[in-house]
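Biologist: I would like a close look at one part of this model, explained for someone who works at the bench. Please start small, with a single kind of interaction, and build outwards from there.

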Amino acid sequence: MAPRFDLVVKGGRVVDPAQQIDDLLDVGVRRGRVVELGPDLAPADASGTRIVDASGGLVVPGLVDIHAHVYSGVCPLTVPADEMSSQTGVTTIVSAGDAGANTIEGFRQLIVNASRTRVLAFLNISTIGLASFPVGESLELGLLDVDAAATAISRFPDVIVGLKVRQGGASVTGSNGLEPMRRALVVGRAVGLPVMVHITDCDAPIDELLAMLGTGDIVTHCFTGSAHSLRQNGRLTAAATDARARGVLFDVGHGAGSFDFDVADIAAKSDFWPDTISTDLHSISASKAKSLPDVMSKMLAIGMPLKAVIAAVTSKAARAIGRADRLGTLRPGVVADIAVLDLHHEQVQLSDTFGHTRSGQERLTARLTIRAGAVWGAPSHPGMGVAVLAE
Ligand SMILES: [Zn+2]
């Protein structure tokens, strides 16, 4: 008789915010999907069942990083998705604007289809995406093609989860002001998808920018220390709390120059925690935002509660990209993307990208990454191919 489970993740503290679970449980996996959560699902010697010892660890849904750069071979500054994921607990990466309408088909072929990581995309409102970097993709209004973006979204609904626009100041938008974001919002409203807006070095007043956003839109680099940030006159701008009340989401997007502990501390004083935590990993930022667990550790250091930190990379991240029904949870039936994390209670020195450091008392690292029921780096698992094709 076939064993009940192909794999059991045993003895860890399961934290699944989507199901409000925080308990010592085993996770049973069969044919690449989660089939059961419960105590003592399999004896340690169950033949035919691989047992992963998670004791002492946190067992959470595979982490979802909603802002990273992975279009290797087409855009500069990218890092291959599987290099970011395999050792970090991340199982889903969302490329934040690497591809635009002219380059999304290649993105699907070269990156989405070729990666073991699940890769999704925010489509850049500029048809060329970030392929022209460091020349700004929104300098020419002719590149901000509303119809082309809408067509691309209709062709690739399995890949595209929203739109991306960089309101990154003169080097990105020239003299076009907030027109790039306005056009992204036109498309987003027409197709019912969120717009992710990069705010670092924005040259428009932040209150004006925030006022244009609505439910589900995402402000990334939310703790940037650049001039037009959420910090105005040393405090959190009221426009940020107004925007949150309307359903606008705030994403960390750490990156190489977009995370300032001073701004994060100001937000923390108001319990203004980020909705989602992301790395903005690319080849320059990789030395600063080393991994998603590293950025999560920085949120712990500013006082964000552990369960909120986990929700921000699982249930809330999945909801932000419209995938809460299938990602960011260990609900029976979903693809078995699972991370085993270790929470080390130790003194740790953490740096931002504005020259500040903080010492924290806790550090998160990834012990194990499981993608579609297969332990990453382990020999191919019987359930692996089935699940990846079926999801
Ligand atoms: Zn980015």
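Modeller: Happy to. A polar contact here is a pair of N or O atoms within 3.5 Å; inside the protein, one atom must be able to donate a hydrogen and the other to accept it. Please keep in mind that this is a predicted model.

Let's take T279 as our part. T279 sits in the loop between α8 and α9. Its side chain has a polar contact of 2.6 Å with the side chain of D65. A second reach, at 3.0 Å, goes from the T279 side chain to the backbone nitrogen of L281. The cut-off for a buried residue is a relative accessible area under 20%, so T279, at 0%, counts as buried. Leaving aside residues up to four places away in sequence, T279 touches a set of residues that includes D65, H67, A68, G253, H254 and G255, and also A289, S291, L292 and V295.

One of those neighbours leads straight to the metal. H67 is touched by T279, and H67 is also a donor to the zinc ion through NE2. The zinc ion is coordinated by H69 (NE2) and D280 (OD) as well, with distances of 2.1 to 2.2 Å. Along the chain these donors follow the spacing H-x1-H-x210-D. H69 belongs to the loop between β6 and α1, while D280 belongs to the loop between α8 and α9, so this pair ties together parts that are 211 residues apart in sequence. Both H69 and D280 are buried.

The next step out is the sheet. β6 begins an open sheet of 7 strands, ordered β6-β7-β8-β9-β10-β11-β14, with parallel pairing. β6 and β14 stand at its edges with a single partner strand each, so one side of each has no neighbour in the sheet. From one strand to the next, the twist averages 25°. α9 lies across β6 and β7, and it runs at about 90° to β6.

Further along the sheet, β8 (residues 118–124) and β9 (residues 160–166) pair in the parallel sense over 4 bridges. In that pairing, N124 stands opposite K164 of β9. These strands also help to cover a helix: the cover over the buried residues of α2 includes β7, β8, α3 and β9. The buried residues in α2 (residues 104–112) are I104, F107, I111 and V112. Viewed down the axis of α2, they fall within an arc of 75°, so they line one face of the helix. The general background is that an α-helix has 3.6 residues a turn, so residues three or four places apart point the same way.

A backbone feature turns up between β8 and α3. P134 is found in the loop that links them, and the peptide bond joining F133 and P134 is cis, with omega about 10°. For context, most peptide bonds are trans.

Another polar contact is found in α5. E179 is in this helix, which covers residues 179–191, and the E179 side chain makes a polar contact of 2.8 Å with the side chain of R182. The C-alpha atom of E179 is separated by 8.4 Å from that of L141, which is 38 residues away along the chain.

For a contrast with the parallel sheet, look at the strands later in the chain. β15 (residues 338–351) and β16 (residues 357–371) pair in the antiparallel sense over 12 bridges. Their hairpin has 5 residues between the strands, and G355 there takes a positive phi near 85°. β16 pairs with β17 (residues 374–375) too, antiparallel and over 2 bridges. I370 of β16 stands opposite I338, and I370 also stands opposite V375 in β17.

The turn between β16 and β17 has 2 residues, and A372 in it has a positive phi of about 50°. Most residues other than glycine have a negative phi. Q20 is another non-glycine residue with a positive phi, near 50°, and it is found in the loop between β1 and β2. The two differ in their surroundings: A372 is buried at a relative accessible area of 0%, whereas Q20 counts as exposed at 76%.

Notes:
Residues are numbered from 1 along each chain as its sequence is written. This is a predicted model: local features need pLDDT of at least 70, side-chain atom pairs count only at pLDDT 80 or more; totals for chains, interfaces and linings use all residues. Side-chain values use heavy atoms; hydrogens and water are left out. Two strands pair if DSSP finds at least two bridges between them. Donors are N, O and S atoms within 2.8 Å of the metal (3.2 Å for Na, K and Ca); water is not among the atoms, so sites may look incomplete. Buried means under 20% relative accessible area, exposed over 50%, partly exposed in between (1.4 Å probe, protein chains only). Axes are lines fitted to C-alpha atoms, for helices over the stretch in contact, and angles run from 0 to 180 degrees between N-to-C directions. Contact means heavy atoms within 4.5 Å. The arc is that of the directions from the helix axis to the C-beta atoms.
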